[in-house]
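Colleague: Hey, I've just opened this one and don't know my way around. Can you walk me through it?

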Amino acid sequence: MGGMARERDTAHEPRVCDAALSRAFEFLGKRWNGVLLGTLLEGPAGFSELRRSVVGISDSVLSDRLVELTKAGLVQRMVREGPPVTVDYRLTPAGEALLPALRELGSWAADNLPPGGCRSR
């Protein structure tokens, strides 16, 4: 009976969420962050190219998110001297480390969620 009581007690213990996973979803789940990282999977892109690729994002939000992703160390802002001066954004090694997870999420979404989101390629 002692074993059965222990099983019952264990079954009623509250679950604890994974703090690191919670932080990851809080950051990547913030509107546009994950989408922008996914867009940069294909390589560096300028501001205008990112704006065209991410349907529905405003210039000010795109700018804010790029600053946020840069501060988090996931995206690098590269200024190329001109003329004209151009700015590209690319994934850092930390951002590239997300590639397998982002690709898996994309595959899962393609198989399990209705279509929508960004422009078709």
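Modeller: Sure, let's start with one residue: tryptophan 32 counts as buried, because its relative accessibility is 13% and the cut-off for buried is under 20%. Keep in mind that this is a predicted model.

Colleague: OK, where is tryptophan 32 in the chain?

Modeller: Tryptophan 32 sits in the loop between H2 and H3. Its backbone stands out too: tryptophan 32 has a positive phi of about 85 degrees, although it is not a glycine.

Colleague: Why bring up the sign of phi?

Modeller: Most residues other than glycine have a negative phi.

Colleague: Got it. Let's zoom out: how many helices and strands does the protein chain have?

Modeller: The protein chain has seven helices and three strands. Going along the sequence, the pattern reads α-α-α-β-α-α-β-β-α-α.

Colleague: And how much of the protein chain is buried?

Modeller: Of its 121 residues, 22% count as buried. The accessible surface of the protein chain is about 8900 Å², and 56% of that belongs to carbon and sulfur atoms.

Colleague: What about contacts between residues at least 6 apart in sequence, how many of those join residues at least 24 apart?

Modeller: That comes to 49% of them.

Colleague: Now the strands. In what order do they sit in the sheet?

Modeller: The order is E1-E3-E2, in an open sheet with antiparallel pairing. Strand E1 (45-46) and strand E2 (75-80) are the edge strands, each pairing on one side only.

Colleague: What holds strands together in a sheet, generally?

Modeller: Strands of a sheet pair through backbone hydrogen bonds.

Colleague: How many bridges are there between E1 and E3?

Modeller: Two bridges, with E3 covering residues 86-91. Alanine 45 has tyrosine 89 of E3 as its bridge partner, and glycine 46 stands opposite aspartate 88 in E3.

Colleague: And between E2 and E3?

Modeller: There you get six bridges, again antiparallel. E2 and E3 form a hairpin, with five residues between them. One pair to look for is valine 79, which stands opposite valine 87 in E3.

Colleague: Does anything else give me a feel for where valine 87 is?

Modeller: Try serine 48: serine 48 and valine 87 are 39 residues apart in sequence, and their C-alpha atoms are 9.9 Å apart in space. Serine 48 is in helix H4 and counts as partly exposed, at 34% relative accessibility.

Colleague: Switching to helices. What span should H5 have, and what does the model give?

Modeller: Helix H5 covers residues 59-71, and at 1.5 Å a residue its 13 residues should span 18 Å. The C-alpha atoms at its ends are 18 Å apart, so the two agree.

Colleague: Which residues of H5 are buried?

Modeller: Leu62, Arg65, Leu66 and Leu69. Looking down the axis of H5, these buried residues fall within an arc of 100 degrees, so they line one face of the helix.

Colleague: Is there a general reason for that kind of spacing, or what should I remember about helices?

Modeller: An α-helix has 3.6 residues a turn, so residues three or four places apart point the same way.

Colleague: What covers the buried residues of H5?

Modeller: The cover includes helix H2 (19-28), helix H3 (33-39), helix H4 (47-53), E2 and E3.

Colleague: And what comes just after H5?

Modeller: Glycine 73 comes just after H5, with a positive phi of about 80 degrees. The backbone oxygen of glycine 73 is reached by the side chain of threonine 92, at 2.5 Å.

Colleague: Where is threonine 92, and is it buried or exposed?

Modeller: Threonine 92 is in the loop between E3 and helix H6 (93-96), and it is buried, with a relative accessible area of 12%. Setting aside its neighbours within four places in sequence, threonine 92 is in contact with Gly73, Leu74, Val75 and Gln76.

Colleague: One last thing: what does threonine 39 do with its side chain?

Modeller: The side chain of threonine 39 reaches the backbone oxygen of valine 35 at 2.8 Å. Threonine 39 belongs to helix H3 and counts as buried, at 12% relative accessibility. Apart from neighbours within four places in sequence, threonine 39 is in contact with Leu50, Ser53 and Val54.

How values were computed
Residues are numbered from 1 along each chain as its sequence is written. This is a predicted model: local features need pLDDT of at least 70, side-chain atom pairs count only at pLDDT 80 or more; totals for chains, interfaces and linings use all residues. Side-chain values use heavy atoms; hydrogens and water are left out. Two strands pair if DSSP finds at least two bridges between them. Helices (H or I, at least four residues) and strands (E, at least two) are DSSP runs, numbered from the N terminus. Buried means under 20% relative accessible area, exposed over 50%, partly exposed in between (1.4 Å probe, protein chains only). Contact means heavy atoms within 4.5 Å. Accessible areas come from the Shrake-Rupley method with a 1.4 Å probe; for residues, only the protein chains shown count as cover. The expected span of a helix is 1.5 Å times one less than its number of residues. The arc is that of the directions from the helix axis to the C-beta atoms. A polar contact is a pair of N or O atoms within 3.5 Å; within protein, one must be able to donate a hydrogen and the other to accept it, and residues adjacent in sequence count only if both atoms are side-chain atoms.
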